[in-house]
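Hi everyone, thanks for making time for this one. I'd like to walk you through a structure and then hear what you think.

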Amino acid sequence: MTDFTIATWNINSVRLRIATVEQFLRDAQPDVLCLQEIKGENGVFPTAAFEALGYVHQAVRGMKSYNGVATLSRHPMTVLDDRNWCSKVDCRHVATSVMGIEVHNFYVPAGGDIPDPALNDKFAHKLSFLDETREWFATERPPSAAHRMVLVGDLNIAPLEHDVWSHKKLLDVVSHTPIEVEKYEAWRAASDFRDAVRHFVPDSEKLYTWWSYRAKEWELADKGRRLDHIWVTPDLVPALKSYKIHKAMRGVEKASDHAPVVVTMSV
DNA sequence: ATGCCAGCATGTTGCTGA
């Protein structure tokens, strides 16, 4: 048995925040780091900085200006799939295999402002994305599948009442609407994924991973949402050892608006 | 209803985020 620590973090430009990422890696020392919103083409990804810290195995899917995901590993890793969703080449997913575990790193569309697919193409895209991923996992990775999987990322949905600062006030706000939560749940259930962080924290307890830039006193106001998730297949649930949301990373100079989420399991 | 803040490219304005 050996420990396997995986981290997920929407970094909101990896070039701008590489020093912060280095600080985090020295502190948390995950085996695998999954980044979202790297915001740059593969050619400008800071490959050498990660190599210097031992993360020599890298799966990068970047594009100019927007989106982009990267999975970095200290252990040998193979890239499984470069698939696109909703017929868009928008770099929202990379699948890899490391230490015998299939790792899916996702950046789900944010969905714009208006929670109505008829009025808002971005919300329609988000709902379609959730339908497509659910369908793919149900077909290609049904719950009976024997192999171990971890799915992480900025899923841009806060599913539970206490994943947001005010359930009532956010029911009509994109990220917490009933239709999104329903589709999030259907996707999770498609492979019988389990919420690895709520494994440690009761549903009745407030838990956030994102705090808006638009609130000056973000920590004092604490109007957060839990948008970043780590799901594991049932066989990994007994292996879960600990979790941490690195809220301190939200408080550094020039911080991302997301904090890293980390889970350790014994595999 | 809007702006509040932030990053990047189309670049001192517009698109994106959620």
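I'll take the sheet, then the cores, then one asparagine, and finish with the DNA.

Please keep in mind that this is a predicted model.

Let's start with the sheet. Six strands make up an open sheet with mixed pairing, and the order is β5-β6-β7-β8-β10-β9. At the edges sit β5, residues 77–81, and β9, residues 194–195, each of which pairs on one side only. Further in, β7 and β8 run parallel and are joined by 6 bridges. One of the bridge partners to look for is Val 150 in β8, which is matched with Val 103.

Val 150 takes us to the cores. Which members of the largest nonpolar core touch the most others? They are Phe 4, Ile 6, Val 150, Ile 230, Val 232 and Met 265, out of 33 residues in that core. Several elements give two or more residues to this core, including β1 (3–10), β8 (149–154), β10 (228–232) and β12 (261–266). Do click on Ile 230 if you have the model open: beyond its neighbours within four places in sequence, Ile 230 has contacts that include Ile 6, Val 150, Val 152, Ala 196 and Val 262. Apart from the largest core there is another, of 19 residues, with Ile 11, Phe 24, Ile 38 and Phe 50 among them. As general background, nonpolar side chains in soluble globular proteins tend to be buried together.

Now for the asparagine. Asn 67 is in the loop that links β3 (57–61) to β4 (69–73). Is Asn 67 buried or exposed? With a relative accessible area of 11%, Asn 67 is buried. A polar atom of the Asn 67 side chain is 3.2 Å from the backbone oxygen of Asp 90. Leaving out residues up to four places away in sequence, Asn 67 also touches Glu 37, Ile 38, Lys 39, Cys 91, Arg 92 and Tyr 107, among others.

Tyr 107 turns up again at the DNA. Around DNA strand B there are 26 residues, and the closest are Ser 13, Leu 16, Tyr 107, Asn 156 and Arg 214. Of the strand B atoms that come within 4 Å of the protein, 64% belong to sugar and phosphate. The residues of this surface divide into 12 charged, 7 polar and 7 nonpolar. Looking at phosphate oxygens of DNA strand B, one is 3.1 Å from a side-chain N or O atom of Lys 216. His 258 has a polar side-chain atom 3.1 Å from a phosphate oxygen, and for Asp 154 the corresponding distance is 3.5 Å.

That's my tour, and I'm happy to take questions.

Technical notes. Residues are numbered from 1 along each chain as its sequence is written. Chains are lettered from A and ligands numbered from 1 in the order in which they are written. This is a predicted model: local features need pLDDT of at least 70, side-chain atom pairs count only at pLDDT 80 or more; totals for chains, interfaces and linings use all residues. Side-chain values use heavy atoms; hydrogens and water are left out. A nonpolar core is a set of buried Ala, Val, Leu, Ile, Met, Phe, Trp, Tyr and Cys residues joined through side-chain atoms within 4.5 Å. Buried means under 20% relative accessible area, exposed over 50%, partly exposed in between (1.4 Å probe, protein chains only). Helices (H or I, at least four residues) and strands (E, at least two) are DSSP runs, numbered from the N terminus. Contact means heavy atoms within 4.5 Å. A residue is near a molecule or strand if one of its heavy atoms lies within 4 Å of it. A polar contact is a pair of N or O atoms within 3.5 Å; within protein, one must be able to donate a hydrogen and the other to accept it, and residues adjacent in sequence count only if both atoms are side-chain atoms. Ala, Val, Leu, Ile, Met, Phe, Trp, Tyr, Cys and Pro count as nonpolar, Asp, Glu, Lys and Arg as charged, and the others, Gly among them, as polar. Two strands pair if DSSP finds at least two bridges between them.
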